Every structure is written in C-alpha cells, then in structure tokens.
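Let us go through a structure together, one feature at a time, with a learner asking and a teacher replying.

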Amino acid sequence: MSGCNNSAVVNIRGGTKNEIKSCTIDGMGKAGRSVWLIATSYAFVSYCKILNSIGHSLDFDAYTSSSTAYNNLCMNNGEQGIFVEETANGNFIVGNTVQNNTNGINLYSNAVGPVTKNIIAYNTIINNRDIGLSSGGYGHAPNKVAVDNIFVGNVLHGNPTGAQVSHGPVQGDLWINNNNSDGWTRVPENKSMALIFEP
C-alpha cells in the first residue's frame, strides 16, 4: 500500500479487532502518517514494513486502547517511528524495529490525556536522528501527563538522545532492564514520577 494524501495511508478510526498484517505501507514522502489508529480497541498491527511518511510512521492516537504493534519495521519517517499519544491506554508495543526516523518511540499527551498503562517492550530503537525513547506530557492541565507506563527490555543504540524519561510530566512510569548505550536524560529525582531499574 502506498499513500499520497495528507492524512494517512491506512486509517482505522473507531471499531474493534481490526488487523493489519504482513503489509508494506509506504507514505512515499507525502502522507502525514503511514498508519493512524484513533478511538479503536483491540487492533493488531504486525509483521509490516511502515515507511516514508512525512509525520508519524505508526500512530496510536487518542482513545486507542488494548491494541498491539508487534514485530514491525518502522523506518525513514519524518517524525516518530511509533507514537503513542493523548489518551491511548493499555496498548502493547512489542518487538518492533524502529530506525532512521526523527524520533524512535515516544509517549506524549498534549490535547487530551493521560497516556497511560502502555507497555513498550523488547523493541530495537536504532539510528534515529533525535530521541530514541521518551515519555511525558505537555503539563498545562493535570491530565496532560504520562502515567503508569512500562518500558522493559528495549535496545537503544545510535540515537543522539537515548531515553528521555520525562519529556514533560510523568507519574509512576517504570523502566526495567533496557539496554541503552545512548544515555539517559531528564530523569526525575522524585521516584514516584519514574522508577528505573537498569543493568
């Protein structure tokens, strides 16, 4: 599949149990997103090559819940390789390779929130142009935060900024056994905001 509109090559809006599997999804340098999930649940995106959007490669947007991105390659995109944002909650981002994007995998709450209880696990995040992995929120209202997300077993290498633990307000995030050779930034002193156990 390839796209030439300003929105997305593939857009799942609403509904439940939608699946995208074993596809090449190419934004061709024109689509704002390659894959855009919004207000859906139990969606499953797996074994896809997701490439060349001018914005986000794979976007778990507001009110997306209990959905999974598994074993995808997200590469050569203008913004995030995988973006979990706004009120996205209870999602699983597992075993993906995210490389050569502006940012790797970011969790963020801006317009609505919080972005909460997502699991980011065993992803390979390499050679992105800025931040490898981050969590946070804009913070201009109490719910514009990242809350109780788990980051475990991710590999970060070749990103100028490795893990940005609090890219804005966080609360209760947990980071465990991530192999991060690119370093840590914005680590809060208050352990109730983010707790890090690393080898």
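## Reading a predicted model

A: Leu 133 lies in strand β17, which covers residues 131-137. The model is a predicted one, and this residue is our way in.

Q: Is Leu 133 buried or exposed, and what is its relative accessibility?

A: Relative accessibility is read against a cut-off, with buried meaning under 20%. Leu 133 has a relative accessibility of 0%, and therefore counts as buried.

Q: Which residues is Leu 133 in contact with, once neighbours within four places in sequence are left aside?

A: The contacts of Leu 133 include Ile 105, Asn 106, Ile 120 and Ile 125, and also Phe 151, Asn 154, Leu 156 and Trp 175. Gly 162, Ala 163 and Gln 164 are in contact with Leu 133 as well. As for distance along the chain, Ala 146 is 13 residues from Leu 133, and the C-alpha atoms of the two are separated by 13 Å.

Q: Where does Ala 146 stand in relation to β22?

A: Ala 146 stands opposite Val 170, a residue of β22. Strand β18, made of residues 146-147, runs parallel to β22, and two bridges join them. These strands belong to an open sheet of three, ordered β14-β18-β22, with parallel pairing. Its edge strands, each pairing on one side only, are β14 (115-116) and β22 (170-171).

Q: In what order do the strands of the eight-stranded sheet come?

A: That open sheet is ordered β2-β5-β8-β11-β15-β19-β23-β26, and its pairing is parallel. At the edges are β2 (19-21) and β26 (194-197), each of which pairs on one side only. From one strand to the next, the twist averages 5 degrees. Within this sheet, β8 and β11 run parallel and are joined by three bridges, and Thr 68 has Phe 92 in β11 as its bridge partner.

Q: What surface feature involves Tyr 70, and how accessible is this residue?

A: Tyr 70, which is found in strand β8, makes a nonpolar surface patch of about 270 Å² together with Phe 44 and Tyr 47. With a relative accessibility of 33%, Tyr 70 counts as partly exposed.

Q: Where is Asn 91 found, and what does it touch?

A: Asn 91 is found in the loop between β10 (80-85) and β11 (92-94). Its relative accessible area is 0%, so Asn 91 is buried. Not counting residues up to four places away in sequence, Asn 91 touches Phe 60, Thr 64, Ser 65, Ser 66 and Ser 67, and also Lys 117, Asn 118 and Ile 119.

Q: How should salt bridges be read, and how many does a search of the whole structure find?

A: Side chains of opposite charge can pair when their charged atoms come close. A search of the whole structure finds two salt bridges. In one of them, the side chains of Arg 33 and Asp 59 meet at 2.6 Å, N to O. This pair links distant parts of the chain, since Arg 33 is in strand β4 (residues 33-38) and Asp 59 is in strand β7 (residues 56-60), 26 residues apart. Both Arg 33 and Asp 59 are buried.

Q: Which residue forms the salt bridge with Arg 33 at 3.8 Å, and why does this pair tie together separate parts of the sequence?

A: Asp 61 forms a salt bridge with Arg 33, and their closest N and O atoms are 3.8 Å apart. Because Arg 33 lies in strand β4 and Asp 61 in the loop between β7 and β8 (68-70), the pair ties together parts that are 28 residues apart in sequence. Asp 61 is buried, as is Arg 33. Through shared partners, the salt bridges join Arg 33, Asp 59 and Asp 61 into one network.

Conventions
Residues are numbered from 1 along each chain as its sequence is written. This is a predicted model: local features need pLDDT of at least 70, side-chain atom pairs count only at pLDDT 80 or more; totals for chains, interfaces and linings use all residues. Side-chain values use heavy atoms; hydrogens and water are left out. Two strands pair if DSSP finds at least two bridges between them. Helices (H or I, at least four residues) and strands (E, at least two) are DSSP runs, numbered from the N terminus. A salt bridge is a side-chain nitrogen of Lys or Arg within 4 Å of a carboxyl oxygen of Asp or Glu. Buried means under 20% relative accessible area, exposed over 50%, partly exposed in between (1.4 Å probe, protein chains only). Contact means heavy atoms within 4.5 Å. Axes are lines fitted to C-alpha atoms, for helices over the stretch in contact, and angles run from 0 to 180 degrees between N-to-C directions. Patches are made of residues with over 30% relative accessible area and no salt bridge: like charges are joined within 9 Å, nonpolar side chains (Val, Leu, Ile, Met, Phe, Trp, Tyr) within 5 Å. Accessible areas come from the Shrake-Rupley method with a 1.4 Å probe; for residues, only the protein chains shown count as cover.
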